[in-house]
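Trainee: Could you take me through the pockets of this structure, with a close look at what lines them? I would also like to hear about the strands around them.

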Amino acid sequence: MQFEDQLVEGRLLRRYKRFLADIELGDGSIATVHCPNTGSMRGCQGDGWRVLLSRSDNPNRKYPLTWELVHNGTCWIGVNTHRANRLAVEAIENGTITELAGYDSLRREVYRGMSSRMDIVLENNGPRCWVEVKNVTLVDESGRYAFPDAITGRGRKHLRELAAAVADGDRAVILFVVQRSDGAGFAPAADIDPAYAEEFSRAVGSGVEALAYRAEVTPTTISIVEPVPISI
């Protein structure tokens with residue numbers, strides 16, 4: 001995934017109300033920007049950290065700048081959770097995620113039943129493969145990538161929906177897209193949300209497949225590059 005335009009650089013002053021952040025731009029002005037991340041963003045919002053912002057030309061937007069990346073002094077971190085699905089689609093289509101190769105069609109945002117909408121469904125002549133994508137920005141105290149960074153009832157619901165798909169004879173995958181490069185390995189964040197970790201273990205035990213892949217994040221491109229081993 002390549003950013004369409006050059007990103008705007010600034011320094012983080014504060015994040016607040018979940019969806020807003022104040023950024024000091026290069027000319028010294030202060031801009032309020034949209035923060036497209038509903039989590040705690042633990043480890044992603046140090047005072048004065050470098051950030052990169054995309055700009056929307058939509059005249060109806062109250063905040064035309066969107067927070068895309070932050071640099072923690074070691075690496076760039078992709079904080080825009082909406083990018084994860086696009087990264088996953090690209091990596092499936094170009095064969096990087098080998099476990100999800102061999103399907104004839106890929107559709108996004110597909111309803112399974114009346115109320116369950118899944119991020120991706122892959123189809124061929126056999127069982128469908130339902131894929132739910134999660135963006136990972138957290139590195140825990142042991143140096144592992146981890147999810148979630150805040151309690152998530154919605155995330156537990158997605159795991160139950162994937163388990164239900166397996167029970168119906170389909171394939172189901174939870175795909176964690178890691179948008180940073182300073183960790184090693186992946187595990188559910190049981191210290192933050194033990195209920196999610198328990199649901200994750202139950203889902204995997206019922207046949208849901210868990211995959212984690214790391215993306216290389218730069219100021220111009222983000223691309224999934226390699227698998228990350230998972231500890232369950």
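Mentor: Happy to; here is a walk through the pockets, followed by some of the strand pairing. Keep in mind that this is a predicted model.

Let us start with the largest pocket, whose volume is about 860 Å³. Its lining is made up of 35 residues. If you want to find the centre on your screen, look for T38, T81, V133, K134 and R154, which lie nearest to it. Several elements each give at least two residues to this lining: the helices α1 (83–93) and α2 (153–167), together with the strands β7 (105–112), β8 (116–123), β9 (129–136) and β11 (145–147). Sorted by class, the lining of the largest pocket holds 14 polar, 11 nonpolar and 10 charged residues.

The second largest pocket has a volume of about 330 Å³. Here 19 residues form the lining, and E4, D5, S54, R55 and R83 are the closest to the centre. At least two lining residues come from each of β4 (50–55), β5 (65–71) and α1. Among the contributors, β4 provides the largest share, with 3 residues. The class division for the second largest pocket is 8 charged, 6 polar and 5 nonpolar residues. Notice that α1 supplies at least two residues to the lining of the largest pocket and also at least two to that of the second largest pocket.

Now for the strands, beginning with β4. As a reminder, strands of a sheet pair through backbone hydrogen bonds, either parallel or antiparallel. Strand β4 pairs with β1 (residues 8–16) in the antiparallel sense, over 4 bridges. Within that pairing, V51 of β4 stands opposite G10. Strand β1 also pairs with β2 (residues 20–25), again antiparallel, and this time over 6 bridges. One place to look is R14, which stands opposite D22 in β2. The two strands β1 and β2 form a hairpin with 3 residues between them. In the turn, K17 has a positive phi of about 50°.

Finally, let us return to β11, one of the strands that supply the lining of the largest pocket. Strand β11 belongs to an open sheet of 3 strands with mixed pairing, in the order β10-β11-β13. The edge strands are β10 (138–139) and β13 (186–188), each of which pairs on one side only. Strands β10 and β11 run antiparallel and are joined by 2 bridges. There, Y145 in β11 is the bridge partner of V139.

How values were computed: Residues numbered from 1 in each chain as written. Predicted model: local features only at pLDDT ≥ 70, side-chain atom pairs only at ≥ 80, totals over all residues. Heavy atoms only, no water. 1 Å grid on protein atoms, 1.4 Å probe; cavity = no way out; pocket = protein on both sides within 12 Å on 5 of 7 lines; lining within 4 Å. Points joined across faces, edges and corners; volume = space filled by probe spheres on them. Nonpolar A, V, L, I, M, F, W, Y, C, P; charged D, E, K, R; others polar. Pairing = 2+ DSSP bridges.
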